[in-house]
Structure formats: C-alpha cells, structure tokens
Amino acid sequence: MTSAPIASAIEITPTAKISRETHGWRSKCLQRLIRMDLPVPRSFAVDCDSVRSISQGRPIPATELAEIFGGSGLVSVRPSAVSPEWGGPGTVLNVGINDALHERLTAQIGRANADGVYLSFVQSYATHIARLDPDLFTLDGPDALARALDIYRGETDEDFPQDPVKQLSEVLRSMARAWDGPTARLLRQAKGAPADAPLGLVVQEMALALGPGLCGSGTIQFIDPVTGTPRVTGRFRGQHHGQTVGSGAETLYLTQDDRGPALEDSAPEIFDELIRFGIASRERLREEMQIEFVLTGGAISVIDAVRTQRSARAGLRVAVSLARDGIIPVEEALMRVEPRALAELLHHQIDPRAPRDLIARGIDASPGAATGRIVFSASAAQAAQSRGEPCILVRRETVPEDIRGMHAAVGVLTERGGTTSHAAVIARGIGLPCIVGATGIVIDARNRTLRAGARTLSEGDEITIDGSTGEILAGAAVLLPPALDDAFTQLMDWAEDAGGLGVRANADTPEDALTARRFRAQGIGLCRTEHMFFDAERLPAMREMIFADTPEDRRLALERILPMQRADFTRLFEIMAGHPVTIRLFDPPLHEFLPSDRDGLRELAASLDLPLSDVTRRVEALTEFNPMLGMRGVRLGITVPEIYDMQARAIFEAAVEAGHKGDPVVPEIMIPLVSAMKEVELVRTRVDSVAAAVRNERRTDFTYHLGVMVETPRAALRAGDIAEHSAFLSFGTNDLTQMTYGLSRDDAGRFMGTYVNQGVFAEDPFHLLDEDGVGELVLTGVERARLHNPDITISVCGEHGGNPESIAFCDRVGIDYVSCSPFRVPVARLASAQSAIHRRRGR
Ligand code: PEP
Ligand code: MG
C-alpha cells in the first residue's frame, strides 16, 4: 500500500474533462444538465481510479475537499457507476453538518428542522461508517439529537466528528469499500457488470428542502412507464429534505390527472419550468428522463436525472417517437429495442403493476401470459373450449395426440421437457403461452390435482402462466392486451429497410401461414408435414397405410390422403401468394401414429378388422428404443418410398392449381435427416419422375427446387457433395444440436437447469446455438457447400432461427435466411436488422 495522496474531485463544469468511462454515468449526465443551463447545484466528480485508490486505503487530500463545502455547507454523495443499471452504494446526505452549521441552520429553518438534518446524518454515519448498531440510533422526541450524539460518544469514546472534510473522507471511503464487497459484486454481476467494474462518486452541494416558502423535493417524469405515451406524472413532497420531514409537510401530485392536490395548480410557473426542463433533456440527452428536483423557497434545483424506468412496450414507443421527432437516427431507434421484447408485445402480458401470487416456475418456452382453468387432458381442453371457458392444459409432457387440446387451450404447462420439446415447439408455432420443465409442480393425473409446494390445485381451478418469464401464478392476473400498434408497425418497417438476413416462418397450417404473412415473413422456410397426418380424418388412412401388407394396399391408403394433402398445400401456396414455400417431406417415426395403450390397440384392431394380437405384434415391431435416431426422415422415405411419392405429387398438383389462380408457385421440397449423398440421389430420382408424371398428366410445365435439411453431423461434414445435388440447404439445428451433443431434446430439460447453474453449459444449447461446437459444424457445412455450389441458398430453420444472438451468428457465417415460428418473425426481423447495422458499423 502506498501513502501518496490520490488525485481528488473535479468540479463538474461545462468544459471539465469528464467521461462516462472515467467518472461514471451520473457525473456525465450532470455535466450534460449543466451544459443545458439547468439549475444544478455545484457538483464534483470523483473519478473511478481515485475511488479504487480510496478503497485500497490511500489518503484523500483534505485541502482539496474543503472547497466542496463552499455553499450551504451540506453535501450529498452518490454513486456513479459506468452504467446506471449496475447500481452502487446508497446515497449519503447531509455530509458537513456539525454543531456550528446546526446553529446556523437553526436560525435559518428552525430548531426542529435543523435537529432533523443533524440527527439524520448522525444516524447514517453511525451505522454505515462507524458500524454501530442502528437500533441504538432509532430515536425521536425533542432531545433525540442530543441523545444520539451522547450515544455516539459512549460507543466510540470520541465526539461526533466536527470536521466536514473528515466526515466526507470517511463517507467516500465507506462507499468505495462497499462497492468492493462480495455482495455488491455479485449483485452487479447479475446485472451484467464485469466483476471489476469501476465506480465513480458525485459530491453535490445540497439545496435545502426545508424552511420558509415553497420547499421540498420531488420527481417528475414525462411518459407513462407502461405504455410509453406522453404523460406527466410524479410526486412533490413539501418540507421533505431526504429523511427529514419538517412541519407542514404535504404531498402533491404533479398534475391534476392523478388524484389529489397537484403542483400544477399550486405552483403553475414551477410546473411549467419543470416541463421545459423535460422537453430540453429529451432533446439534448436523447432520452426520456425522470428529473429529481428540490425547491428552496420556490427556487428550483435539478439535483439528478435518470432514464425513466419503462416496460418493453414503453421502450419501443419511446425509441420510435424519438426517431420520428428527429432526435435520434432511425438506426439508433432500431438498436435501442431489445428484439426479445417484441415477442412479448405480440401477446398478452401480465400488468407489471399488479400483484402476483407465484406458486412455481418453469422454463419460459413460448411468450405471453394467459389465465384459464386447469385441465389435465386434451379432451378436457376441448370440452372447456366448447363451453367457452378458457383453460390451461397441464400435462406431464405433451405428445402429438395433444395437438387438438393445445389448440383448444389458452396456455400449456408441462412438468417435463425443455425448449425444443414437443409442447414448446408447437406452442411457439401457434403463439400459445407455454411453460415447460416446471419441476416444482407435481401432477397427479388420477386425482386430477396439481401440487406446487404446499399448495394443491384441482382441475377447474384458475391459474395464470407467464410464458415470457416462466412464472406460474395462482388465480387470475391482470393482463395487458397485445401491442401491435403504430409504433410496432413503424419499427418493423424500419427494420425491413435496414436489411440483414431474410426471415421466413415455420408454418404448418393455414393459420400459421396467415400469421406469418401478418408479420411479413418472406415465405415459409419449413412446413412440417407430419402434423397434417394427425388430423382425425387422416389418422385412419395413415394407420391403414402402416398396416398395408402389399405395396398396392399401401398405395390405396395413400391415395385417400393425397387429395387432403393437395388441399393443404394449395391453401398454403395461395396464402403465401407467390412467396417461397419450403415443404419438408414426412419426418417422424411411424409408431407415433399408433396407439400405445390397450384400449387404443383394441379400437384399432376393430377398425382395421384384424385380430388384436396381430395389431399388437405389428405395433411392437415398429417400436424403437430411440426413435429420434431410428426410422425417421429420409430413412423412412427410402424404405417406404410411396409416402414421399404421394407427398411430391400433392405438392406438384397443388402448385399447378394455385399457380392457375394466382402468382406462379415454385415449390421447394426438403428432405429431412439426410446423412449421405446417396439418400438425396435416390429421393431426387423418384421426385423427378413424379414431377414428370404430373407435368404429363396436367400438360403443363413447372419448376421446383429440391433441398436438404442438414441436421446430422455427417450431413454438415459432407455438405460439399450433398450441395452438388441440392438447390438449397437448411440447417435443422434442433436435431443437429441433439446429435452433436448426443443429448435427447425431449429429456434435456431434466438436468439442463443444473448444468447451466453449475456452468457446465453457458446456456441451454437448444435455446442459444452453441457456436463453438454446433456452430463449427454449421460453418464447415456452409463453407463446403458454397465451395461446391456457389449459388446454393442456405438457411437455418431450427428453433435458433428465432434467437437474436444465434441470428447474429447466422449472419456472420453467411446464412441467407432464418426461419422461425411465426410469432418470432418480428424478433428475428429486428435481430437481423441489428446484425446488419453492427456489420455496417464495422463491429
Ligand atoms: C430441426 O431439427 O432443427 C428441425 C427444424 O426439425 P424438427 O424440429 O422438426 O426436428
Ligand atoms: Mg429435425
């Protein structure tokens, strides 16, 4: 430790050398207010290096500090970290009060007020600096000050320090040390600060908020913190000087809008002046600010200004309105909005002002909040819907048969699963609020109850789920409606103009496609066709196809499905009106289409007119130990080629039909789960011959593109030769993550929390693309594919396509477009614009 004195505080003047990095945000902000000629009391900035030295025990030069006490004699000390979000030690007020100043103040503002100011400082000094028991200083009555000074003397064997410079030095030292403490460090790290984040301090002359005339302290803000619309709110506390409350204290609202007496009425000139300050600070600081002020005998002092706290929707409105008013450039407005916040605006949200009865938490799988009655089965959800009763479908995990129940519910909650489990993917696709992996709840399906800690809820009880935060609440919460307003539309327009990656939607149904168009997706990047086969009308034909003994029987069953598939695709092509539509050929294992319980098997045997034993044997034969790595995707397409033939025919016939009615359609057919070039060749040969047959039968020509889903590590490694046979590649990063990690996407939720908490994974790799591993495969695949086929279009259609950080990665490695759930299209659009802006700025 060295004993050389540190450089000390500098006065904050319009020209003083002050920066956010060296002195913290508050000093810089005060300098801006001073430059605007706002009535800021004399303020001094202690730079971050000095604070660090003070914390390490170096002495503070007393002579320089003495200058600070030139005015009222009282000063405040506030933290000034580099970012306001990082917080800092609590403000200390009334530094400098001693017996002599107390005497002067008594003459000026009366004994009671002067006592209050002195007592308040003794209390905070005794507790925070001398580290005495705060209970000893909880005193009141006319002799409270005298007793406090006595107790201080008794506890420390010293008189209360009378030298203002000593008081200030001790306060600075205690604040500097508090910043270095382990708890403060953890708190700020949780808010994104680096562990060694620096702290500056601001020492400011205090304006007295007690005494004759209009005195007091207040805050004023100029926007509604929830909606972001212009609205003046705030509070003025007359005769309030920090903790010291003088006689005649009263609270006024700022405007008449709020209930109660308003400053606007009792002091209109002061109110007008404050409004002028608000307008000026919005223009000069390019932000909506909350101003903290003090009135001393009717004279205003602006003591601080902070960015007004705001909700996501208010943040968006403020950014758009600042850009519309020419205060910030459009690019900056785009950069100020957090892409993720947009997802929330498309759905209901819980009103942040309302109370929450939290009972458990899970993984926030699909944004938005919903209130409904608990149901434990898909059929109960459908029954509730037919009664017009909103319900939340609560399941241990969902299976494909639950889709109808999910459509009938207003929200889904599962005990198991992770971000790419069935419930999560489907819910995001249809914009349904969803929480998965809620390990704190226990479902008792037999008794139809749900236990969360000590609470037991039954079917029919109301709950609220917040899919944006993962919170499960008892009862109904106050919900705010979606905010697809003009500010949102404007931001989306600007984002489109800013360029960046293309954004398509993953859409399987006409409703999805309509949502995708509403959010201005540039096409469908992934239509998962298997969901179309779960429909009640199609399932029997599908099951007949699976049980067919001969190719002829199979063909007959598929012929029944063909017109339905054709209608599906025609509708999608029509809705997408000439925008590209990528249809993925059938992917899941066949046993997903078969019942697993005894009753279901018996029903199936009856409907197929087969013996139960026969049906059971066939179902068992189709069951795989690990279906995710079994007879899925192209493997099924090659083993049972009639399915893909039927789908290709349905796609071509639909393209011809839709093309006759509207814009020409160039369908894109995508082969799933490829791992070898030969698979592509085999499928291509059959698809080409189906195309030739349809051209012949319809006497018309059409083009189509055949592409490959890269979702096995081998396909990424062999992307070069696969690309030679493909018009496009789309990285299915869900499966690619699953296979790269050897980690089942449906079971990962069980331990993902522990893994992330212990730092084994920085983040859930199904949520945020693992750039180091999976990303390496993507990069390798892109490079090899482009080397062999420079014109190839490459996309990402896994869930990562809607994740802002992963989109930035996609942009960096040269992906052409991302495709994500329709409700994430706006998020992806903004993230992609931000990535393009970053690139243009050379970062
Ligand atoms: C993927 O694996 O990333 C993908 C998009 O396909 P699915 O989620 O349907 O397996
Ligand atoms: Mg996949």
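Hi everyone, let's start with a pair of strands: β3, residues 75–81, and β4 pair in the antiparallel sense over two bridges. One residue to find there is V75, whose bridge partner in β4 is V95. Keep in mind that this is a predicted model.

Now let's step back to the sheet that holds those strands. It is an open sheet of five strands, antiparallel in its pairing, and the order runs β1-β2-β5-β3-β4. Which strands stand at the edges? They are β1 (10–11) and β4 (92–95), and each has a single partner strand, so one side of each has no neighbour in the sheet.

Two helices lie across this sheet's strands. Helix α2, residues 25–35, lies across β2 (43–46), β3 and β5 (199–205), and runs at about 115 degrees to β3. Helix α3, residues 48–55, lies across β2 and β5, at about 100 degrees to β5.

Let's move on to ligand 1. There are 13 residues around it, and R528, E711, G732, N734 and R745 come nearest. By type, the shell divides into six charged, four polar and three nonpolar residues. Which element gives the largest share of the shell? That is α29, with three residues. Both α29 (733–741) and β25 (524–528) supply at least two shell residues each.

Now for some oxygen atoms of ligand 1. A polar side-chain atom of R528 lies 2.7 Å from one oxygen atom of the ligand. For R745, a side-chain N or O atom is 2.7 Å from a ligand oxygen. With D735, the backbone takes part: an N or O atom there lies 2.9 Å from an oxygen atom of ligand 1. Finally, how much of ligand 1 does the protein cover? On its own, the ligand has 290 Å² of accessible area, and the protein covers 95% of that. Thanks for listening!

Key:
Residues numbered from 1 in each chain as written. Chains lettered and ligands numbered in written order. Predicted model: local features only at pLDDT ≥ 70, side-chain atom pairs only at ≥ 80, totals over all residues. Heavy atoms only, no water. Near = heavy atom within 4 Å. Polar contact = N/O pair within 3.5 Å; in protein donor to acceptor, adjacent residues only side chain to side chain. Areas by Shrake-Rupley, 256 points an atom, 1.4 Å probe, with all protein chains shown as cover. Helix = DSSP H or I, 4+ residues; strand = E, 2+ residues; numbered from the N terminus. Nonpolar A, V, L, I, M, F, W, Y, C, P; charged D, E, K, R; others polar. Pairing = 2+ DSSP bridges. Contact = heavy atoms within 4.5 Å. Axes fitted to C-alpha atoms, helices over the stretch in contact; angles between N-to-C directions.
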